[in-house]
Amino acid sequence: MALKKGVNVKPAAGKLGILLPGMGAVATTFIAGVQAIRKGIGKPIGSLTQLGHIRIGKRTDDNNQRINEYVSLAKLDDIVFGGWDIFPDNAYQAAIRAGVLDEHKHLAPLKKDLEAIKPMPAVFEQKWVKKLDGPNVKKGTSKMHLAEQVMEDIKTFKETHGCDRLVAVWCGSTEVYRTPSDVHSTLAKFEDGLRASHDDIAPSQIYAYACLKMGVPYANGAPNLSVDTGALLELARKQGLPITGKDFKTGQTLMKTILAPGFKARMLGLEGWYSTNILGNRDGEVLDDPESFKSKEVTKLGVIDHILQPKLYPDLYGNISHVVRINYYPPRGDNKEGWDNIDIVGWLGYPMQIKVNFLCRDSILAAPIVLDLALFMDFAARAGMSGIQEWLSFYWKSPMTPEGLYPEHDLFIQLMKLKNTLRYTKGDELITHLGAEYYD
Ligand SMILES: NC(=O)c1ccc[n+]([C@@H]2O[C@H](COP(=O)([O-])OP(=O)(O)OC[C@H]3O[C@@H](n4cnc5c(N)ncnc54)[C@H](O)[C@@H]3O)[C@@H](O)[C@H]2O)c1
């Protein structure tokens, strides 16, 4: 739905429940992180909603407001957490297992709060995540029956925790690669498919359906096909709800969307970009299955082409060799190491090389994204913005776009789009960066 300039946004009153299908490394780092920040034992570094500012008006106006004061966002103190997982571990046990946050410094002071968060039984079918199997799983007579159980969970969660509003962010494992089939084309076919337990309907799609049916905005943090189908888009529109995805833009792809726009801005050519990663957490284990990796490979590969526009610049970007690899290497745990070798070309075709060695912490980069998405999706819902939220492309490796439009991958254009959307909702002037001498 098109957004009106200067919209009336309903106030962020009461509690916001954030529902997380999948409570592993990313989800628990996010939950524990928010709790640590509330207790003053950590800072929300990496979160635009918590630390970012937005300029309003001319540079001479000197009006830079904090984003979370400029638009109405839920306060961290008003958030409650819930979720589902195939393992019954509570959020404390899952966070210890994930090994991201320091047990003594960050988890021990939060132990009681984290232990109280227990995953609800999951919708799961091993053919979609071949490397995992767990006991905390729902049983149902059909996929529709499973969706109804998730809807019941949502209702109970909302009542038990006295939530005013809910949002969902998928933090579950990456499912195997599939493209949409006929059952995903319309809502009616999808619902028939749920009743008939159609083979092509994945667990992640069952959660997305259940959330949207219950009026819960939905974001997909993984690369697999989920809410990005005709059927679920139709449901989101029908319910007047925002949806967004997919695949959190955290480590290597974040670097790509920072560097590639720079090469293009300077009209430097690119011959090849070789990216490899070693990763030792459960996500790495899941991605060791070629079919789950295929989902990831597709979202990782799209980025460079869209930024560099080889059709417009065939001499510079017409023949790029782009390779992405992920290797499961248990000793590295959640601390992923990424290597990039970038072959660039300068004046008269002289070659140069850039090497990037990023020793990153995957979930440390992902957690603030989950927070921002949850808060912005709740904002979008209160502002009456429904369907695909392109202004949140900033957060995604493979941003969802309306049919026929290519995604915007350039991080800096994405940020401008996000901030201009916020200005638009407030009825303020958009910032075009046109020089002051050209204004009337
Ligand atoms: N960490 C990052 O930087 C990053 C970046 C982009 C995308 N992602 C994606 O985010 C997701 C979470 O990553 P992670 O590092 O937390 O992985 P993880 O393996 O630690 O956690 C995923 C959790 O999902 C659970 N799960 C799997 N299928 C489920 C289902 N059907 N219902 C409920 N729970 C289910 C697993 O049991 C596991 O606990 C993955 O899909 C990953 O690819 C992560």
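**A parallel sheet and two one-sided helices**

In this predicted model, seven strands form an open sheet with parallel pairing. Their order is β5-β4-β1-β6-β7-β8-β13. Strands β5 (120-121) and β13 (387-388) lie at the edges, and each of these pairs on one side only. Within the sheet, β1 spans residues 15-21 and β4 spans residues 79-85. These two strands run in the parallel sense and are joined by six bridges. Across this pairing, P21 faces W84 of β4.

Helix α4 covers residues 91-98. Its buried residues are A91, Y92, A94, A95 and A98. They lie on the same side of α4, because the arc they cover around the axis is only 165°. Four helices receive this buried set: α1 (25-38), α5 (103-107), α6 (111-115) and α15 (362-382) all pack against the buried residues of α4. After α4 comes G99, with a positive phi near 65°.

Helix α8 is formed by residues 187-195. Here the buried residues are L187, F190, G193 and L194. Their arc around the axis is only 120°, so they fall on the same side of α8. The packing partners of these buried residues are α7 (143-160) and α10 (230-239). S197 follows α8, and the phi of S197 is positive, near 50°.

Technical notes: Residues are numbered from 1 along each chain as its sequence is written. This is a predicted model: local features need pLDDT of at least 70, side-chain atom pairs count only at pLDDT 80 or more; totals for chains, interfaces and linings use all residues. Two strands pair if DSSP finds at least two bridges between them. A residue is buried if 20 or more other C-beta atoms lie within 10 Å of its own, exposed if 12 or fewer, and partly exposed in between; C-beta atoms are placed from the backbone. The arc is that of the directions from the helix axis to the C-beta atoms. Two residues are in contact if their C-beta atoms, placed from the backbone, lie within 7 Å.
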